[in-house]
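Biologist: I'm new to this one and would like a close look at a single part rather than a quick tour of everything. Please pick one chain and walk me through it slowly.

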Amino acid sequence: MKPLLAFMKKEYLEAARTGKLLILILLFVLFGIMNPAVAKLTPWMMEMLSDTIAESGLIVTNIQVDAMSSWTQFFKNIPMALIAFVLIFSDLFTKEYKSGTLLLVLTKGLSRYEVVFAKTLLLLSLWTFCYGICFAITYGYNAYFWDNGIVNNLFSSAAIWWLFGIWVICLIVLFSSLLQNNTGVSLCTGGTVLLAYLLSLIPKVKVYSPTILMDTNSLLIGAESVDAYIKAVIIAAISGVICIAGSVPVMNKKQL
Amino acid sequence: MDVLAIRNLKKNFGSKKVLCGLDLSVPEHSIFGFIGKNGAGKTTTMKAILGLLKSDGGKIYIMGEKVHFGKTSTNRHIGYLPDVPEFYSYMTSLEYLTLCGEVCGMDKAGIMTRSKELLELVGLGQEGRRIKGFSRGMKQRLGIAQALLNRPKLLICDEPTSALDPAGRKEILDILLAAKEQTTVLFSTHILSDVERICTEAAFLHDGKIAMQGSITELRNKQSSDGFIIETEQKWAADTLIKTFGDLQRTEQNTLVFHGGEDRFFSIMQYVVENRIPIQIIERIEPTLESLFLEVIK
């Protein structure tokens, strides 16, 4: 346990001293502010553009924005934040393989599974923390400007999307233990998400695909209940655990 | 007792056979020189000892305990310094040693005392900068400090002096010599003067096997005298000798080198006496590890 804690401490120190933590926090704070800001500014922007729009034959009438517009914006923006998160941490393992920094700590008695667990815990905690900040900021502004009460299943939607992020992180860990370079890790993670998305286009498979966890619109407007996501949630959770558990033997057999 | 014992170790990279049945024993409290050409398989052997590389056959024992690939339990007896040690550059040397100490399960107070003691030993006691700004020699010295941290039974150094300037090399060799009191040192190198300077034992790795192993004196004695150097006072004397004895080689104007048996040497001496050839120096060429090494890899 002690080696794991020591290595985790090193992971957080690395995230802080290499500036990754700062970039992430700034990014998620920015997204958190942007969601209500874009919603708030939409009527004003439309007014500014109304003349141009009128020329093309469209008439801008009174535009209503509320907490729902801001939350829709939140779920539209959060994929970009997740992509940034994946890109920032795609070299979390591979950088250590390339530079050979793992060699010394492994020869000091750190187990390879502890490397996998420490890095996974770092990613999970940072994702939860940053996602939480983004959500809290949007929630706070929305409560100030409008009323969060009009949105259905808000916390379940947010939790479902958070789980999708966790699933993607498990993919990062698996591909990081399999591959040697970070481009491969990003491409394979993206490729798997794309594959899951393509599978979700088949009506019978749709409910099982973790990518439907990204689409929470119908949940927000109350058109669907959380039950519709249960199968995908279970699949995402099980496959996530399999990815992490599978990374350990892969890492054990890796020649460094 | 042998700290390290390797039996019939084999390793191929594709079709290339790097190690083919390597046997090696390192006795306790020795400084063991592991000598071989570049690409002979020194690093491969060391990585196999550390369980970082999967071997294709053979067994390795550390303090009588078998080494398994991918497992690190035998590494608690080992301190390892790779040829180019890489550290987390955003840490200071004390922070890095603390990480290493915590990973090996040392207690907090122990880590602090031992780290400070070792940083003093390797001359980094006053260095507060992050590792990012360290020179190669400083990294090598920090590497030795981290390797000695948990008082290992065996210190493995992979070509610790190869990339350093003469001053840096001397520092590292002195530290290794000082470390002998606490541990057994196995270090690979192709710099033979380093081996002659500090090692008590050595082994030559060639063609994937140990071609020769023993104490430095034993190894030196394995080779008979390499020949003689004869330096004459004047050039004409050297000319005469060369004309008479075809197998003499000229290295300088008045200096001749002779390789061969004693009989041949005495006949040259007889000729020198009979013809009253003025000689300045006659010197026996001492067998060196270098000549032995060259003979081994021939």
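Modeller: Here is a walk along chain B, with a short look at its neighbour at the end.

First, some housekeeping. This is a predicted model, and local features are described only where pLDDT is at least 70, side-chain atom pairs count only at pLDDT 80 or more, while totals for chains, interfaces and linings use all residues. Residues are numbered from 1 along each chain as its sequence is written, chains are lettered from A and ligands are numbered from 1, both in the order in which they are written.

How far can you trust it? The model scores ipTM 0.87 and pTM 0.82. Chain B has an average pLDDT (the predictor's confidence in each residue, from 0 to 100) of 87, and 99% of its residues score at least 70. Helices and strands here are DSSP runs numbered from the N terminus, with H or I over at least four residues for a helix and E over at least two for a strand. Among the elements of chain B, helix α2 (residues 93-103) has the highest mean pLDDT, 94, and helix α10 (residues 289-296) has the lowest, 75. As a rule of thumb, coordinates shouldn't be read in detail where pLDDT is low.

Now start at the beginning of chain B. Strands β1 (residues 2-13) and β2 (residues 16-27) of chain B pair antiparallel over nine bridges; two strands count as paired once DSSP finds at least two bridges between them. One of the pairs matches Asn12(B) with Lys17(B) in β2(B). The hairpin has two residues between its strands, and there Gly14(B) takes a positive phi near 65°. Most residues other than glycine have a negative phi. Asn8(B) has a positive one, near 50°, without being a glycine. Asn8(B) sits in strand β1 of chain B and is partly exposed, because 14 other C-beta atoms lie within 10 Å. The scale is this: 20 or more other C-beta atoms within 10 Å means buried, 12 or fewer means exposed, and partly exposed is in between, with the C-beta atoms placed from the backbone.

Met63(B) is also a residue other than glycine with a positive phi near 50°. Look for Met63(B) in the loop between β4 (57-62) and β5 of chain B; with 16 other C-beta atoms within 10 Å, Met63(B) is partly exposed. Lys66(B) belongs to strand β5 (residues 65-66) of chain B and counts as exposed, because it has 11 C-beta neighbours inside 10 Å. Apart from neighbours within four places in sequence, Lys66(B) is in contact with Lys59(B) and Tyr61(B), where contact means C-beta atoms, placed from the backbone, within 7 Å.

Next, the domains. Their bounds come from an automatic or database domain assignment, which gives chain B a domain 1 (2-220) and a domain 2 (227-296). The C-alpha centres of these two domains of chain B lie 42 Å apart. Their contact takes ten residues from domain 1 of chain B and six residues from domain 2 of chain B. On the domain 1 side, α6 (192-198), β9 (201-206), β10 (209-215) and α7 (216-221) of chain B each supply at least two residues. The largest share on that side comes from α6(B), with three residues.

Further along chain B, four strands form an open antiparallel sheet in the order β12-β13-β11-β14. At the edges stand β12 (248-250) and β14 (279-285) of chain B, each with a single partner strand, so one side of each has no neighbour in the sheet. From one strand to the next, the twist averages 25°. Inside the sheet, four bridges join β11 (residues 227-232) to β13 (residues 255-258) of chain B, running antiparallel, and Ile229(B) stands opposite Val257(B) in β13(B). Helix α8 (residues 235-244) of chain B lies across β11, β12 and β13 of chain B, at about 140° to β12(B). Axes are lines fitted to C-alpha atoms, for helices over the stretch in contact, and angles run from 0 to 180 degrees between N-to-C directions.

Finally, the neighbour. Chain A has eleven helices and zero strands. The contact between the chains takes 25 residues from chain A and 23 residues from chain B. On the chain A side, the elements giving two or more residues are α1 (2-17) and α5 (101-107) of chain A, and α1(A) gives the most, seven residues.

Key
Contact = placed C-beta atoms within 7 Å.
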